[in-house]
Amino acid sequence: MKSVAQLPLLLGLTVLAAASVSAQNVKWQIDAGHSTASIFLAQSGDPDPGLKIAVALAAGTMELDSADPSKLSL
């Protein structure tokens, strides 16, 4: 009886998980009025935070394909 009561919950979570994966194939607009980009020079594993090289306003688009993250486009 307990497993029958959990079936709707399991089905609901499965639907939500599938919807969130497909929702990750999106294109975002980046607004220069609200976005900045920073470039840091640091060594991996070093506790020193590094050196900030540049800060600039950022604008454009960002596209993410969850099936192939290596195709990230900025």
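## A strand-rich model and its nonpolar patch

Strand β2 is where I39 sits; strands here are DSSP runs of E at least two residues long, helices are H or I runs of at least four, and both are numbered from the N terminus. This is a predicted model, in which local features need pLDDT of at least 70 and side-chain atom pairs count only at pLDDT 80 or more, while totals for chains, interfaces and linings use all residues. Residues are numbered from 1 along each chain as its sequence is written, and side-chain values use heavy atoms, with hydrogens and water left out.

**Overall picture**

Let us start with the whole chain. The protein chain holds one helix and four strands, arranged α-β-β-β-β from the N terminus on. Its accessible surface is about 6,300 Å², and carbon and sulfur atoms own 64% of that; such areas come from the Shrake-Rupley method with a 1.4 Å probe, and for residues only the protein chains shown count as cover. Of the 74 residues, 3% count as buried, where buried means under 20% relative accessible area, exposed means over 50%, and partly exposed lies in between (1.4 Å probe, protein chains only).

Among contacts in the protein chain with a separation of 6 or more, 45% join residues 24 or more positions apart. A contact here means heavy atoms within 4.5 Å.

**How far to trust it**

The mean pLDDT of the protein chain is 77, and 73% of its residues reach 70 or more; pLDDT is the predictor's confidence in each residue, from 0 to 100. Confidence is lowest in helix α1 (residues 2-22), with a mean of 63, and highest in β3, at 88. Where pLDDT is low, the predicted coordinates should not be read in detail.

**β2, β3 and the patch**

I39, L41, L51 and I53 make up a nonpolar patch on the surface, and their accessible area together is about 410 Å². The elements giving two or more residues to this patch are β2 (36-41) and β3 (51-57). For the patch definition, residues need over 30% relative accessible area and no salt bridge; like charges are joined within 9 Å, and nonpolar side chains (Val, Leu, Ile, Met, Phe, Trp, Tyr) within 5 Å. A salt bridge, in turn, is a side-chain nitrogen of Lys or Arg within 4 Å of a carboxyl oxygen of Asp or Glu.

I39 itself is exposed, at a relative accessible area of 51%. The number of buried residues among the six of β2 is zero, so this strand lies largely in the open.

β2 and β3 pair in the antiparallel sense over six bridges, and strands count as paired if DSSP finds at least two bridges between them. Within this pairing, S38 stands opposite V55 in β3. T36, also in strand β2, is in contact with A56, L57 and A58, leaving aside its neighbours within four places in sequence.

**β1 and β4**

V26 lies in strand β1 (residues 26-30). With neighbours within four places in sequence left aside, V26 is in contact with M62, E63 and L64. G60 belongs to strand β4 (residues 60-64), and on the same terms G60 is in contact with W28, Q29 and I30.

**Pairs in sequence and in space**

Here are three C-alpha pairs, with the accessibility of one partner in each.

| Residue and its relative accessible area | Partner | Sequence separation | C-alpha distance |
|---|---|---|---|
| T36, 57% (exposed) | L57 | 21 residues | 4.4 Å |
| V26, 26% (partly exposed) | L64 | 38 residues | 5.7 Å |
| G60, 30% (partly exposed) | I30 | 30 residues | 5.1 Å |
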